[in-house]
Amino acid sequence: MFPFSIAKICELTGGVFFGDAALLSIHPEELTIDTRKLSAGDLYVCIRGESFDGHAFAAEAAAKGALCVLADCEVGAPYIRVADTVAAFQAIAHAYRKLFSLPVIAVTGSAGKTSTKEMLCAVLSQRYNTLKSLGNLNNQTGAPQVLLTLQTAHKAAIVEMGMNHFGEIDALARMTEPDFAVITNIGDAHIGNLGSREGIFRAKTELLAHLRTGGRVVVCGDDAFLRTIPNAVLYGMEPHNDVRAENVQALGLQGTKFDALFGGRRLHVHVPVPGMHMVINALCGVALGWLLSLDDAEIAAGIYSYIAPAGRMEILRGARFTILNDAYNASPASMRASIDVLAQSNGRKVFVMGDMLELGEDAPRYHAEVGAYAREKGIDLLLCVGELSRAANGDAWYPSIATLCADLPAQLRHGDAVLIKASHGSRLDGVAAFILKEYCPSA
């Protein structure tokens, strides 16, 4: 049962209740924004999205036994009317978060948010029952859903925060009140909306104003913007960082071994997935483990237990090909990091490159630079799909995923390592599964 009654929810949201007054003292079972997941006794929150309007499902929610509906217009009693359902949803999540006394870590950045979140969870879970954001629940409605799954058994929580406009991180941070603010980097993602890297820096650092008293800022000190933040704990490859790496030994697709130096300690660790960007993510894990008093064995074991989430440098080995499925998201910086991993692979190196979105008027230049970087790193075959990726000047260009897949038999060879990467909106996430199904039948 949810800890707040309908009356309390009205108080928290500034809402006005319409319906039987006897319901005011009743507590909903849960809150949901999806009628497909709604059970009898729940509070249904109507959310207006770019391509849907949750208010259209209010009658369905009532028919399924919803205790009440939260809406910004009349939907039929019983309902709570508010000015903005997203803001109301966040206000409820904020009040719920304040019921818990546990370290909450907020993670944002232009690239690497999810892999850093997963690394932090792998490390902290060695000692703490840790809640983490699941899937893509990092936006204005996703992050509150994460907070609302907090339970008394949890001893730490990691909340990923995404944004593409000013003010979005501010709203999420105000709701979350983090004890630790982690920022991975300031890159070019969403620069079309934010104007410049300086703008991206301002948007990401909206997080800092809402740290709880005594909270700590943990950032990648290799980033020229982030290392200017006063009193931040810095992690990264460069020698000025508080947490840094020495004796780095690349093991190809088997990952990387290195010594982590922090707080006068030296710890030998093995990151089981490839790429220098994963070494940096592991250093963030070391930093948080250090700040939360984990011992060396716990930190090392947590890093070694890391598993790449689906579509984020996920290594899939088939009978004929090795697929590096990194198609969940992309920016110029993450493209280069993924190309670096491909360059370490055995066999012929094939890069299936899709469009990077939300880069503004400079998008053609960014795509051309990624294509040039792939050539510089010795990539053998560059296959581009999507209108923007045409500027990368690949060996072949395809207007659609269907035309790409139709031509793959002519392009791929036994033993190839194939990197697949694009922004999520480019929908390249199904190409890896297609290759394994069609061309690796015994996989």
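Mentor: Let's start with the radius of gyration, which is taken over C-alpha atoms; the globule rule is 2.2 Å times the number of residues to the power 0.38. This is a predicted model, where local features need pLDDT of at least 70, side-chain atom pairs count only at pLDDT 80 or more, and totals for chains, interfaces and linings use all residues. Residues are numbered from 1 along each chain as its sequence is written, and side-chain values use heavy atoms, with hydrogens and water left out.

Trainee: What radius of gyration does the protein have?

Mentor: The protein has 23 Å, which agrees with the value near 22 Å for a compact globule of 443 residues. Its C-alpha atoms fill a box of roughly 70 × 55 × 45 Å along the principal axes.

Trainee: How many helices and strands are there?

Mentor: Helices (H or I, at least four residues) and strands (E, at least two) are DSSP runs, numbered from the N terminus. Here there are 14 helices and 20 strands.

Trainee: Which peptide bond is cis?

Mentor: Most peptide bonds are trans, and most residues other than glycine have a negative phi. The bond from A77 to P78 is cis, with omega near -5 degrees. P78 sits in the loop between β4 (68-71) and β5 (79-81).

Trainee: Is E177 buried or exposed?

Mentor: Buried means under 20% relative accessible area, exposed over 50%, partly exposed in between (1.4 Å probe, protein chains only). E177 is buried, at 18%, and its phi is positive, near 45 degrees. E358 is partly exposed, at 36%, with a positive phi near 60 degrees. Across the protein, buried residues make up 56% of the 443.
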